[in-house]
Number of protein chains: 2
Amino acid sequence: MNKQPLDGVTVLDFGQVYNGPYCGFLLAQSGARVIKVESLQGETLRARGDSSPASYPFANLNTNKECITLNIKKQDAREIIKKLATKVDVLIQNFAPGTMEKFGLGPEQLRKLNPRLIYAMSTGYGASDGPYKDYLGMDLTLQAMSGTMSVTGEEDGPPLKTPAAFADFIAGTHLYSGIVSALYARAQTGEGTAIDISMQDCVFPTLATAIGSYYFKGEPLPRAGSRHPAKALSPYNVYEAQDGHVAIICIREGHWRNFCAAIDQPELADNPDFKNMQTRSKNIDKVDDLVNAWTKQYSRQEITSRCQQHGVICAPVQTIPETVEDPHMIARGSLQKFDHSGLGEISLFQTPIRFTNLEPPTIKPVEQLGQSTQKVLREFLELTEDELMSLRKTEAI
Amino acid sequence: MNKQPLDGVTVLDFGQVYNGPYCGFLLAQSGARVIKVESLQGETLRARGDSSPASYPFANLNTNKECITLNIKKQDAREIIKKLATKVDVLIQNFAPGTMEKFGLGPEQLRKLNPRLIYAMSTGYGASDGPYKDYLGMDLTLQAMSGTMSVTGEEDGPPLKTPAAFADFIAGTHLYSGIVSALYARAQTGEGTAIDISMQDCVFPTLATAIGSYYFKGEPLPRAGSRHPAKALSPYNVYEAQDGHVAIICIREGHWRNFCAAIDQPELADNPDFKNMQTRSKNIDKVDDLVNAWTKQYSRQEITSRCQQHGVICAPVQTIPETVEDPHMIARGSLQKFDHSGLGEISLFQTPIRFTNLEPPTIKPVEQLGQSTQKVLREFLELTEDELMSLRKTEAI
């Protein structure tokens, strides 16, 4: 490839918080022209200000987008959105269910004006059908409803969330997947479509191990900390190192033999207590004890290096300060340093969709609220200075 | 759309476990013809047998694929792979780094034979560059390296994994995203590419809240259970119900006012301790106590209904047995009942990539090991019965 794959594609991005904006971010880094539409107060995360926990995600997810403001509560702004929808390829929105429809801007309404339009929605539970379709949802509550929280935590502790907002981001990635699939189909048929991504649908597959363990055991299982849900694999846990913790997993017998060699105790591989997955699973406490006895003597780096040299799947439990300075991601170009007006020097992530023969576009700082309103409305709708002035006066833009 | 978006696309799927196979699953459910290639023993999950914790994910992720066997360790099989690679659009593999290259089947080697080929790889850390590119990785260790584990768990407990194998599945979704982006580009240029997805890259964005909180506070933060990492939002937690737990989050002032109305205490909204996010964040223990005092009186269903009626973002913490019977997902067609030879009746998930005007293909049971080997090799390579017999004799197929 000598240009970005989505070069020439135009997107109207009404994304909020993580789900929609991540999709818009992936589209922008794949070469699409992404126009981010915000209210006059700015999107939820921008409105929290340039020095808040929200400013980092906002700055990262909205790079390389043209930022315009439209006050959807005004008829004039809604007319502008209808006109823009006839000129773009894709519209993204992850508002609460029914929001856009209420303003006459739902998928049927806009696709009637432009049958080539790909109208992409993502909501907690899917916008089309089912008893929960009008439910509000965010990452935290989808981790609850999906079953994720019920299996996360210690056996004697409460259900827990993971602070990785994976429900939002995996939905945003499926949203991107749906859009590009629809673009591919449209290149052949000329026809657009509407995409209906449910966060709940997207999270369900990730519970494959927990669900498989439940079906296999035939009864509900207690939370299992960092062990396998059915305690069917061992070693498989988080172990103590001198300077923190490491994760180690042996999914095949070969990994276990490699581990025994890595810790200079090759004779363990043939010990009747440990000789295969079934016996190790039965003696899971003994296995975890012997792994801990070894890992406790070394640093995370020493353990990881030795395990990887011996073909054992292992990694340090990195902290957030370590993660944002990860030398591998920096070397790969997956993290890039940036000066942020509110936060100082920060590491921004590049798109994870990487092609071996093409660099993604350079990350450019996020635009100011409404920075491109005039430019975009002039270019797409040929609005005059007088018309723009009048729209500003009535607070439509 | 009147046919599936990837109708006519052909895929050779060397996927293992979750990451690659989920990508193949999404491709199959988008209409591609997916040929799953396994060793003579079967892919890792199949080899564990039809009644194990692995049998559910295997049955779900490999539906609607044609299953063939090829013994990559034999020269004859490698020649067959090279020939197949000239006839298909896409090749997926998520082997340990360097595996396919060692057998002469890496991206450069196969793309030389077929420049239209889209060669899609997913590994723990990305196959192209950086100091960890040869590291082995699986979901558990990527949760460790990515920083996810370090923020998951109780403040006074150890770092924890989440049993949602989201690192694997989010990487598989990015792999699909890369493939369809490349198909879209190829339709214009005629040229394929190689895709290099790193699980570590894919997980990093999901930590946006934790990273934003760290940058905002300027110092490492302790684990925070199910609270916001910087305790900057409240209510935001898992709360006790009569029959389990619920998750509630108020991200805007309006949600808080709605919540006060939902619990029939509208006066709380103006209480100086709780009147805005800053004061609620400062009084987070008080807020959590008053929410718990209310939730403890009701069932998860009562709390969720009342909250949703009042525009409060809330969901029950569903258990795995509840999740696999989720009435909403069943109504949406996102879960379908199936008889499984080893596990009995199970719920299989449908693709989360949903179009409002098109049903995904019907889920068909996973094929037996090697069920389509003859059919595929005859059709694609015009092998005769004698040639097939000889390949079987030498254990190449």
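**A shared core and a helix pair between chains A and B**

In this predicted model, the largest nonpolar core comprises 260 residues, and A247(A) and A247(B) have the most contacts inside it. The surroundings of A247(B) give a good view of how the chains meet. Neighbours within four places in sequence set aside, A247(B) touches L140(A), T141(A), Q143(A), A144(A) and M149(A), together with V238(B), C314(B), A315(B) and V317(B).

Turning to the interface as a whole, chain A and chain B each bring 132 residues to the contact. On the side of chain B that touches chain A, the greatest contribution comes from α9(B), with 16 residues. By class, that side of chain B is made up of 79 nonpolar, 45 polar and 8 charged residues.

Helix α9 is worth a closer look. Residues 166–189 form this helix in chain A and likewise in chain B, and the two axes come within 9 Å of each other, crossing at roughly 20°. Angles under 35 degrees count as roughly parallel, so α9(A) is roughly parallel to α9(B). The crossing of α9(A) past α9(B) is left-handed. Contributors from α9(A) are F166(A), F169(A), I170(A), T173(A), H174(A), Y176(A), S177(A), V180(A), S181(A), L183(A), Y184(A) and A187(A), and they meet F166(B), F169(B), I170(B), T173(B), H174(B), Y176(B), S177(B), V180(B), S181(B), L183(B), Y184(B) and A187(B) of α9(B). In this helix pair the contact has 16 nonpolar and 8 polar residues, with no charged ones.

Terms used: Residues numbered from 1 in each chain as written. Chains lettered and ligands numbered in written order. Predicted model: local features only at pLDDT ≥ 70, side-chain atom pairs only at ≥ 80, totals over all residues. Axes fitted to C-alpha atoms, helices over the stretch in contact; angles between N-to-C directions. Helix = DSSP H or I, 4+ residues; strand = E, 2+ residues; numbered from the N terminus. Parallel < 35°, antiparallel > 145°, perpendicular 65-115°, else oblique. Left-handed = near helix turned anticlockwise from the far one by under 90°. Contact = placed C-beta atoms within 7 Å. Nonpolar A, V, L, I, M, F, W, Y, C, P; charged D, E, K, R; others polar. Core = buried A, V, L, I, M, F, W, Y, C linked by C-beta atoms within 7 Å. Buried ≥ 20, exposed ≤ 12 C-beta atoms within 10 Å, placed from the backbone.
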